[in-house]
Amino acid sequence: MARVLTPRAEDFPRWYQDLIAKAKLADNGPVRGTMVIRPAGYAIWERMQAEMDARIKDAGAENAYFPLFIPESYLKREAEHVEGFSPELAVVTHGGGKQLAEPIVVRPTSETVIGEFMAKWVDSYRDLPLLLNQWANVVRWELRPRIFLRTSEFLWQEGHTAHATRDDARAYARRILHEAYEDLMVNVLAIPVQVGLKTARERFAGATATYTCEGMMGDGKALQLGTSHELGQNFARAFDITYSSAEGGREHAWTTSWGTSTRMLGGLIMCHGDDNGLRVPPRLAPVQAYVMVVKDGPGVVEAAAKLRDGLREAGVRVALDDRVDTPFGRRAVDAELRGHPVRVEVGPRDLAAGNAVVVRRTDGSKTPTPVDEVVGAVRAALAADQQALLDEARAHRAARTVEVGTLAEAIEAAATGWARVPWSAVGVAGETEANGQGVTVRCLVRADGSVPDSEDEPDLVAVLARAY
């Protein structure tokens, strides 16, 4: 396999690109910075979508869709927002062969256009909370693109809500952070994220607070996997999102926004991948068990099909590979690259002994198993390996995280992993110094690990790292 992929320890970025190409997850698009997500990669994204969508709906939000094109004037109505996004905007100036009366921005995010319609739809306190989500593509012109991590166009969900009070808005932003984002990332993606508060320097343009989920990748760098924002009344004032209160007065609403994207696919690769390819956590995997005919022989294909059917009846997502005209070694390498959690290999010799071989992607173990025990063995392996990947990622993060007391120590430690340092030892000036050396404050947390309300709280801990 070393001849298929560049070893991670030798060149991590090259390994990442090799894996995406060899596992047929994605390809570069025809316009610089765009990507084509191939079926193998999109199947994983669909599973992420389904799991995330269910959690968002459990939190009471409803799906809608808003336009790709946004009048430039909308963005200009919230000054900090447009200033934050100006370098990344793609702007349409001509349409139908004519110059447009007003330039149109290709959606970088939808706070402005959704704010316009929230103002139309909200009249009374009885209309609140208004909880919306959309699945869409967005465009942010990227100067240094990397597939899944930073592309000029990417796929995501973006939630937007309006509330009667600040407390209700804050509670909802945090509910999404923990019950949708953190739960999905830890319990499905098996990525042990650090949840915390972004500093004022790092928070979303136009927000009053940004909460984040940060994952550690295989090379010790951080990756922001999802964010949830309190927008205060900034967008409500800009777009006149007001409501009649129960007391009869006219009040501005409090709004939130929150999003996750195809960046989670990049995080999945860099957190769990190894020198043999991708390792997909069983709860996420589009194909949990991959039944493979090793070589044709009397009853072999029939036995493999019967195992497939038995696994499917047991609730396992399963596929059958009976392409005996293609060398088994090549097919096995492809299965390793794509990270199917379990392979069930059926060949004439195994079947003669009444067995099939259960191969676990996580640890590479190969276990001859009586045919009538395969379903139970596969289900047990799936449960064990979901936990094993999470445990391995937690151990990796613990081994690459150090507690330090000074900014200088934190910057030094960030060369190989994460540093936890008192926020009081960093501060705004120290954050600027760290940024100058390629290190950022990923988030702030309380001493007990909980998420603070403000960076001005005493005794906060800052997590510093290099990041993608």
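## Salt bridges, sheets and surface

Asp453 and Arg446 form a salt bridge in which the closest N and O atoms are 3.7 Å apart. This is a predicted model, so please read the values below as computed from predicted coordinates. Asp453 is partly exposed, at 32% relative accessibility, and Arg446 is also partly exposed, with a relative accessible area of 25%. The pair belongs to a network of salt bridges that links Arg170, Arg174, Glu230, Arg446, Asp453 and Glu457.

The structure holds 26 salt bridges. Three of them are set out here, with the N to O distance for each pair.

| Acidic residue | Basic residue | N to O distance |
|---|---|---|
| Asp183 | Arg55 | 2.7 Å |
| Asp321 | Arg323 | 2.9 Å |
| Asp453 | Arg446 | 3.7 Å |

The bridge between Asp183 and Arg55 links distant parts of the chain: Asp183 lies in helix α6 (residues 166–187) and Arg55 in helix α2 (residues 39–58), 128 residues apart. Is Arg55 buried or exposed? Arg55 counts as buried because its relative accessibility is 16%, under the 20% cut-off. Asp183, at 26%, counts as partly exposed. In the bridge between Arg323 and Asp321, Asp321 is buried at 1% relative accessibility, while Arg323 is partly exposed with a relative accessible area of 38%.

Next come the sheets. One open sheet has 5 strands in the order β16-β15-β17-β18-β19, and its pairing is mixed. Its edges are β16 (318–321) and β19 (366–370), each of which pairs on one side only. From one strand to the next, the twist averages 25°. Within this sheet, β17 (residues 342–346) and β18 (residues 355–360) run antiparallel to each other and pair over 4 bridges; Arg343 stands opposite Val359 in β18.

Two helices lie across strands of this sheet. Helix α9 (residues 300–313) crosses β15 (289–293), β16, β17 and β18, and runs at about 170° to β15. Helix α10 (residues 328–338) lies across β15, β16 and β17, at about 175° to β15. Which residues of α10 are buried? They are Arg331, Ala332, Ala335, Glu336 and Leu337, and the buried residues of this helix pack against α1 (12–22), β15, β16 and β17. After α10 comes Gly339, with a positive phi near 80°.

Another open sheet has 3 strands in the order β4-β6-β5, with antiparallel pairing. Here the edge strands are β4 (69–71) and β5 (91–95), each pairing on one side only. Neighbouring strands of this sheet are turned by 50° against each other on average, direction ignored. β5 and β6 (residues 98–106) pair over 4 bridges in the antiparallel sense, and Val92 has Ile104 in β6 as its bridge partner.

Finally, two loops. Leu143 sits in the loop between β7 (130–139) and β8 (153–163), and it counts as exposed because its relative accessibility is 61%, over the 50% cut-off. Together with Val31 and Trp141, Leu143 forms a nonpolar surface patch with about 320 Å² of accessible area. Thr406 is found in the loop between β20 (401–403) and α13 (407–413) and is partly exposed, with a relative accessible area of 37%. The C-alpha atoms of Thr406 and Glu202 are separated by 21 Å, and these residues are 204 apart along the chain.

Technical notes:
Residues numbered from 1 in each chain as written. Predicted model: local features only at pLDDT ≥ 70, side-chain atom pairs only at ≥ 80, totals over all residues. Heavy atoms only, no water. Pairing = 2+ DSSP bridges. Axes fitted to C-alpha atoms, helices over the stretch in contact; angles between N-to-C directions. Contact = heavy atoms within 4.5 Å. Buried < 20%, exposed > 50% of the residue type's maximum accessible area, 1.4 Å probe, protein only. Patch = residues over 30% accessible without salt bridge, like charges linked within 9 Å, V, L, I, M, F, W, Y side chains within 5 Å. Areas by Shrake-Rupley, 256 points an atom, 1.4 Å probe, with all protein chains shown as cover. Salt bridge = Lys/Arg side-chain N within 4 Å of Asp/Glu carboxyl O.
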